[in-house]
Amino acid sequence: MQNNQIKLPTYVETPSINKDSMAGEGPFKATVEIQNNLGFPGEKVENWHQVAIDKMSETKSKYRSVQVFLDSCMKCGACTDKCHYFLGTSDPKNMPVARQDLFRSVYRRHFTFAGKYFPKLVGAKDLDEDMLDDWYNYFHQCSQCRRCAVFCPSGIDTSEISMAAREVMNVIGVGQKYTNQILGKVKKIGNNLGMPEPALRDTLLDLEEEIKYDTGVDVKLPIDIKNSEVLMVSPSADFFAEPHIDGLIGYAKVFHESGVSWTLSSYASEAANFGMFIGNYDVMREGALRIRKSALDLNVKRVIVGECGHAWRVAYSFWNTLSGIGGGAEDDYALKLQNQLDSNYPQPQHMIEFTYDLIQNNKLSFDKSKNNHRVVTFHDSCNVARGSNMGDIKNGQFILPREVIRAACNNFIDMHKDSIKSSTFCCGGGGGLLTDDLIDLRIKGAKPRMHALKQSEQESGVNTLAAICAICKSQFSRVLANYDFDPYMVVSVHQLVSDAIILKEKLDQ
Amino acid sequence: MSPISIFFIIFFYIASLIFILGVSYKLVQYWNTPVPLKIPIAPSSLDKKGVFLRFFREIFLFSSLFKASKWTWLFGWTFHLALVLLFFRHLVYFWPGDVPLILYKIEPFKYAAYPLVFGLTGLLGRRIFVDRIRYISSPSDYLMLLALIFIALTGMFMTFGHNHPNLLMVKNFTEGLITFQWSELPGEIIFLAHIFPVFCLIAIFPISKLLHAPGIFFSPTLNQVDNARKRRHISDWASKKDNDLKIELENNKKDD
């Protein structure tokens, strides 16, 4: 066993503040080429200060959230012990209000009467080199999970501020390598991995063979099939990463059993939309337009999204706005697509909703004993939990995944109530932080989730952690070992489905 | 008229003017700023009724704060409730002409001063002794609490210590402010010390964190209906992008 494992009590303690404990230079910066690819300056522009202030002014005039949130924090401190990065690092600048204040203090200095004439009194600060360094460092220690916003009496959402700050930094030429490089790949090839169409086709063929070998059934993973009923858009991690790929197999089996024709798309081979992480509407929209184009080109009736947290928030909450994938539009642009889509179903739908509906209608059979070796708990992925819904019923995003798990497993136990549902902790790697240059932060940020998991392990013998987010799955696989867990205990919800589902074709034989 | 009365009359009008113009400006600014995306926060509401109930819980019960911290909730909620009761209690001094009976009947609201001081002291204590909250506090955060405590204590000293100023003069003065027929202010220092910070707080309202009061109603996280899939939500500037794209596509077609 490793010596650097972190010993955990089974409750979450609020640490005393430890100033500058996470001070540093932040994640790797994007190169000139990466920046230019997205239309941002390659290097910090000469008059960066003025450009930044102008961009702040523009952003707050285009986003009511930013303007209102900058004004209406009363510094009550309700959020100070809610961020997993603060709980894990004890750096006070990781308290949500203090993180916002990095941006707010500059707003006050440049845009408010009190800050212009009495800066010391109201904590207004200039945007100087040191402040910019703090912005870069600490706005890349926010995973935009929105846990703080659940507890804020004014509804202030730090993720809106951190998106705005990243947008300002990109515009002056200070971008983050990991996120912007990936966005470049989506722009060029269509997915985060930069996996070209032939490689994708090969992978899918391999998977079909694998399923045939395991089950004896011809389960297909179709791609670019026109006039299919369903366009399936999943995170590209589902095509290659463990344990994600077993989830993709699960989707394929469910579609197979449903008898609904479906297809993946080589043009829109990515559900995740990192455009949200950098708060850039155009980049985010560009990603969403790929899905729109695919849905139109392939002439599908439904769009379904795979297990991916931020993707589902963007799909559920933003797609209708960004690219008209949804319902209830009145404009020609969106109606062109919406008239094609089947209005009997919500558009887009989550794969969990699709599977749940089949279960409700007794269209799927399970041998739950196949999962008897597992005691399963469910990690509510932050952006699904706090920024979306499923099933169009109140709290459906918490109910449906659990019902799907219960349909496939006999042993399901929830973690501590303060760490699930709307109070769920981020995995520690969301919002553009899933990069090795931030591994220290990722390990520390996972601490509150690991606390709750440890408690469930000790009290209920939990040995399986199910998730519905590509980032959560990758992040947990990486950090579980640091907390004395088996890194292979993390699974896709649809892997549980996949393992227990009874494929009828086999019975007929 | 005494210089002190003139000073307070002018100060009152300046403070009120700043308050009305400043808050109107902020309300118009918030109203006019677009909301490009649907960003309701869990537990979100699937219909307008749900949003209404959510605001009811937030405004009257501080439900999110209750979830966050029981101490802050206790102090904060007590303070705000007491403030509202005392506001109504003070209407009797402002009511022009015949005062409705109800304003006399709520006289016992004066005892809300005790929970007011309790709540404010608790909030100040948290600011001083909890290291996280001390870290995020600016001088203005302490000053506002101290001003409120000072207002409460001077008020209590007058009400419960039997140091009332001439209430008829007070009433004539406030009536005068409203009817522009100004009259002399009672000269007791304690009374002046009571109303001076009140006028100050009114004046700084639109340029300070006191904006949280109107701000909460404009929070998209709280006031949006969670129905993004059912209704297309689009702001003007984003809608323009749709049109630009449509024109571009049509032009491409012509080129073909």
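**Stop 1: where the chains touch**

Start by colouring chain A and chain B differently and selecting their contact: 59 residues come from chain B and 65 residues from chain A. Keep in mind as you go that this is a predicted model.

Now show the side of chain B that touches chain A. The helices of chain B that each supply at least two residues to this side are H1 (3-32), H3 (63-68), H4 (70-94), H7 (131-136), H8 (139-160), H11 (212-218), H12 (220-223) and H13 (236-255). Try colouring that side by residue class: you should find 28 nonpolar, 15 polar and 16 charged residues.

**Stop 2: helices H6 and H8 of chain B**

Stay in chain B and select helix H6 (residues 113-129) together with H8(B). Two packed helices are described by the angle between their axes and the distance between the axes. Here the axes of H6(B) and H8(B) come within 10 Å and cross at roughly 155 degrees. Because of that angle, H6(B) is roughly antiparallel to H8(B). The crossing of H6(B) and H8(B) is left-handed.

Which residues make this contact? On H6(B), show side chains including Leu116(B), Leu120(B) and Leu124(B); on H8(B), those to show include Leu145(B), Ile149(B) and Ala152(B). By class, the contact of H6(B) with H8(B) has 13 nonpolar, two polar and two charged residues.

**Stop 3: helices H8 and H10 of chain B**

Keep H8(B) on screen and add helix H10 (residues 189-204) of chain B. The axes of H8(B) and H10(B) come within 9 Å, with a crossing of roughly 150 degrees, so H8(B) is roughly antiparallel to H10(B). Their crossing is left-handed.

To see the contact, pick out residues of H8(B) such as Phe150(B), Ile151(B) and Phe157(B), and residues of H10(B) including Phe191(B), His194(B) and Leu201(B). How many charged residues does the contact of H8(B) with H10(B) have? There are no charged residues there, alongside twelve nonpolar and three polar ones.

**Stop 4: the domains of chain A**

Move over to chain A and give each domain its own colour: domain 1 (32-175), domain 2 (191-356) and domain 3 (359-500). The C-alpha centres of domain 1 and domain 2 of chain A lie 33 Å apart. Seven residues of domain 1 of chain A and five residues of domain 2 of chain A form the contact. On the side of domain 1 that touches domain 2 in chain A, three residues are nonpolar, two are polar and two are charged.

**Stop 5: a four-stranded sheet in chain A**

Switch to a cartoon view and find the open sheet of four strands in chain A, with the order E2-E1-E3-E4 and parallel pairing. Its edge strands are E2 (262-263) and E4 (349-350) of chain A, each of which pairs on one side only. Zoom in on strand E1 (residues 230-233) of chain A, which pairs with E2(A) in the parallel sense over two bridges. Label Val230(A) and you will find Trp262(A) of E2(A) opposite.

**Stop 6: a three-stranded sheet in chain A**

Finish with the open sheet of three strands in chain A, ordered E5-E6-E7 with parallel pairing. Strands E5 (376-379) and E7 (490-492) of chain A are at the edges with a single partner strand each, so one side of each has no neighbour in the sheet. From one strand to the next, the twist averages 35 degrees. Strand E6 (residues 464-467) of chain A runs parallel to E7(A), and three bridges join them. For a last pair to label, choose Ala467(A), which stands opposite Ser492(A) in E7(A).

How values were computed: Residues are numbered from 1 along each chain as its sequence is written. Chains are lettered from A and ligands numbered from 1 in the order in which they are written. This is a predicted model: local features need pLDDT of at least 70, side-chain atom pairs count only at pLDDT 80 or more; totals for chains, interfaces and linings use all residues. Two residues are in contact if their C-beta atoms, placed from the backbone, lie within 7 Å. Ala, Val, Leu, Ile, Met, Phe, Trp, Tyr, Cys and Pro count as nonpolar, Asp, Glu, Lys and Arg as charged, and the others, Gly among them, as polar. Axes are lines fitted to C-alpha atoms, for helices over the stretch in contact, and angles run from 0 to 180 degrees between N-to-C directions. Angles under 35 degrees count as roughly parallel, over 145 as roughly antiparallel, 65 to 115 as roughly perpendicular and the rest as oblique. A crossing is left-handed if the near helix is turned anticlockwise from the far one by less than a right angle, and right-handed if clockwise. Domain bounds come from an automatic or database domain assignment. Two strands pair if DSSP finds at least two bridges between them.
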